[in-house]
Structures are given as C-alpha cells and as structure tokens.
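Got your viewer open? Let's take a walk through this chain, one selection at a time.

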Amino acid sequence: MAADAELPVRDGSEVRRARYAVAAVFCAHGTVTGSFATRVPWIQEHAQISAGQLGLALAFPAVGAALAMPLAGSLSHRFGSRAALRGLVALWTLALALPSLAPGLLTLCLALFVYGASAGMSDVTMNALGVEVENQIGRSVMSSLHGMWSVGALLGSAAGTVAAHLHVDARLHHAGAALVLTVIAVAVCRGVPDVRGEPGETPPPRFAPPPRSALLIGAVGFCAVFAEGAAMDWSGVYLRDVLAGSPGVAAASTTAFALTMAVARLCGDRIVDRFGAVGTVRAGGALATVGGLLVVTAADTGTALAGFGLIGLGVAVVVPLAFAAAARSGPRPAQAIAGVATITYTSGLIAPSAIGGVADLSSLVASFVLVTVLAFGLVVGAGVLRAGPRTAAGESVTTPAAADAPRP
C-alpha cells in the first residue's frame, strides 16, 4: 500500500473517525507488547532457560518480522487496507497466548517466530494507515498515534504488573488478554480507512530496498528502537537479577518505561512544533543517555527505575519523526517509509536478543552500557532529520508532521 495513496474519506468528521479508529488499533497493538514484556521473567523460568538462551529465543521475533513485513503491502493491495489490518491485528493479538505456553527453548523459539511475524505485518499496515490519515488531516498526528501505542503498552504492562504481583499463571493471564484484545481490535478495525489500489495497478513488490536517502534516517531510528526494545523486554530481568528486586518491582519497571513513553508521545506533536525535529531528538538523546548511565551505575531499584523512565522519555518521539523525515527524503515517500520502518522495527526485535547475548558473554550491566552508547548516537545523528529541499516557492518540502526548524 503506497503511503501517498488517496484516502476514501472526504469531510472532517470522517477523517476524525478514521483517526480515532487507527489510534485504537495502535492502542490494542501496544497492549499486546506490554502484556508480553512484563511476563518475560515468568516465561524464562517456566521454560527453564538461561539469559543467553532467552536472548536466542528473543531473536526469533526479529526473524519472523523480517520475513513477514514485506508481505504487508501485498496483502493490503490484494484485500484492501481494512480487511488486511483486521486479519493481521487479530493474528497479532491471538499470538500473545503462545510464548507462555512454551515448555522449553525450541517451542519458545517457534512461538516467538509467529509472534514476531504477526507483529511486523500488523505494525507496517497500521503505520501506513497512520501516514495516510495524517496526510488527510494536514498536520502532525503520528506522534500522538504512537502515544496511543504507548498507552496500550502501559495498560498491558500495568495489568501484567498486577498479575505478576498476585503470582497469576502467565498462561491464564495471556490467554484471557488475547481473547479480549482480539474482540476489541476486530471491532475497531471497522472504522479504519479502506485504501485500495486502482484497477490494473501493479502490485507493490514483496521487497524493495530503502533508498540511500533513508538509510541514515533509519540508523537514527535504529538507535532509538534498540534502546526501547532493550528496556521494554529486559528491564524486569535487570532489576531481578542485578539488583535483587521482587517480581512486582521487576514488572513495575516496564510500567514506568511505558508511562514515560506514553506521556512524551502524546505531547510530542506540540513539542516538535515548538523546538523542531532536530532539537527534539537531540535533547531526547541526551535524556536517554543520562537514563542509561543511571541504570548501569544504580545501586538500588529506585535509581534504575528512574533511569529506565528517562530512556523511555528520551526515545519516545524518534520513530514518528523518522517516518516524517523519510517521507520527505526523496521522490518516493512510500518506499522510504517502508525502508525506515523495516530498519527501526527490526532493531526493536533484534535488541532483546543482542542484550541477552552480551549478558551471556559478560553481564546485563555491560548490555546496558551498549544501550547507553546507542542513546548517545541520537545526539550525534539528529541532524539527518532536518527539513528537505526547498520548493520553487521557497517552502520546505515536508509531510504534515512538524517541520525541523523551531516555530515561534
């Protein structure tokens, strides 16, 4: 599905309804991630695997996503964006129940492969629709849409924290959550735009490499999403194993992280309008770097929780801004957005396994030193998000997302 296709909506009320429906899908998608992340320590204990084996298992979502994400455009072209999103989101919400059922390493790897494949396809489809809705509205909404994803992650992680505190079996927890979220997601998909290709239009290729102009933008997104994925999936294990935190406190770290992400993204559109994309990402990178330093030097769980919160605050708006920058980076916005999405989301799925691998070779503290270095990469690389070339009229070529220069 091309990012610049025309939406089948016209008046303001229809555009608003489409925005709310897409926002609800983002929220449901995030709830699955939050629900899974808080129970990673339980899943590790249930499968009786080491930190290194857990890292290996957490590589399989990346494999599944990398193989499946290129199919999302073809599915949307063939069935229409609404039907494609409905099916893919339902597959994603139901996949939540699989990892906690795995009794060992092999079955956990298989479950996480399906989990990642469904995550990647539904993620690409809903983000493409988010860009379409933003184009129809004519102003930035991507940060707030990602904010709704973070709200969902917060809801899922909060429920997971309660479940962990009450020692609820994760198999029961995730099965119930999967059923409820599937019903909700299928229902709200009725309101999303139904974008379809023109009759006789050539289907999009299953794989198209990103243009060179998008590679540096994708690298900035890589740093942010790596830090996000590492903190989301490993913060609970870090507090438990490094700082001897209780199961409830360990699960609460994911909630703190999701809370700061949600607040920053919901406020992100106004912040970027005021300070510009480059200034916002540079300041966010500094905050995330400070957060990483707090985590690796923490002597108690409170300091580490504050550090994870700062990481979430610092990286929150980078991905929406990366999509906006990609859209104005060259003559083919759809291809650039798809390329950046592949780089950034694959980063998030690779991060947990990379953290586990470093932890197995050295320690979890060393793993989060790597996260801190990548967070500082946002400070260094923020300049690639600058506004695109000028038009003949002298105006910057931008998407509806905020321009890169601060506004008075």
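**Stop 1: Thr38**

Select Thr38 to begin; you'll find Thr38 in helix α1 (residues 12-38). Helices here (H or I, at least four residues) and strands (E, at least two) are DSSP runs, numbered from the N terminus. Before going further, know that this is a predicted model, where local features need pLDDT of at least 70, side-chain atom pairs count only at pLDDT 80 or more, and totals for chains, interfaces and linings use all residues. Residues are numbered from 1 along each chain as its sequence is written, and side-chain values use heavy atoms, with hydrogens and water left out.

Is Thr38 buried or exposed? Thr38 is buried, at a relative accessible area of 5%. (Buried means under 20% relative accessible area, exposed over 50%, and partly exposed in between, with a 1.4 Å probe and protein chains only.)

Now show the side chain of Thr38: it reaches the backbone oxygen of Ser35 at 3.2 Å. That's a polar contact: a pair of N or O atoms within 3.5 Å, where, within protein, one must be able to donate a hydrogen and the other to accept it, and residues adjacent in sequence count only if both atoms are side-chain atoms. Leaving out residues up to four places away in sequence, Thr38 also touches Gly156, Ser157, Gly160, Thr161, Ala251 and Thr254. Contact means heavy atoms within 4.5 Å.

**Stop 2: a pocket**

Keep Thr38 selected and add Arg39, Pro41, Trp42, Glu45, Ala164, His167, Val168, Arg240, Pro247, Ala250 and Ala251; together they line the second largest pocket. On a 1 Å grid over the protein atoms alone, a pocket is an open set of points where a 1.4 Å probe fits, with protein on both sides within 12 Å along at least five of seven lines, and lining residues have an atom within 4 Å of a point. Its volume is about 240 Å³. Grid points are joined across faces, edges and corners, and a volume is the space filled by probe spheres set on the points.

Which helices each supply at least two residues of this lining? They are α2 (40-47) and α11 (247-266). Color the lining by type and you get seven nonpolar, two polar and three charged residues. (Ala, Val, Leu, Ile, Met, Phe, Trp, Tyr, Cys and Pro count as nonpolar, Asp, Glu, Lys and Arg as charged, and the others, Gly among them, as polar.)

**Stop 3: two positive phi angles**

Stay with one of the lining residues, His167. His167 sits in the loop between α8 and α9 (170-188), and at 65% relative accessibility it counts as exposed. Its phi is near 60 degrees, a positive value in a residue other than glycine. Most residues other than glycine have a negative phi.

Next, jump to Ala244, in the loop between α10 and α11. Phi of Ala244 is near 55 degrees, also positive in a residue other than glycine, and Ala244 counts as exposed at 67% relative accessibility.

**Stop 4: the core**

Select Phe308 and Phe368, the residues with the most contacts inside the largest nonpolar core, which has 103 residues. Helix α10 (residues 212-241) gives the most to this core, with 15 residues. A nonpolar core is a set of buried Ala, Val, Leu, Ile, Met, Phe, Trp, Tyr and Cys residues joined through side-chain atoms within 4.5 Å.

What does Phe368 touch, not counting residues up to four places away in sequence? The list is Ala230, Ala231, Trp234, Tyr238, Val295, Val296, Phe308 and Ile355.

**Stop 5: Leu364**

Leu364 lies in helix α16 (residues 364-381) and is buried, with a relative accessible area of 8%. Setting aside residues up to four places away in sequence, its contacts are Trp234, Val237, Tyr238, Val242, Ile355 and Ala359. Try a distance label here: the C-alpha atoms of Leu364 and Val237 are separated by 8.9 Å, though they're 127 residues apart along the chain.

**Stop 6: His146**

Last selection: His146, in helix α8 (residues 142-165). His146 counts as buried, at 3% relative accessibility. Apart from neighbours within four places in sequence, it is in contact with Phe26, Asn127, Arg265, Val319, Pro320, Phe323 and Tyr345.

**Zoom out**

Show the whole chain as a cartoon: there are 16 helices and zero strands. Of its 408 residues, 55% count as buried.
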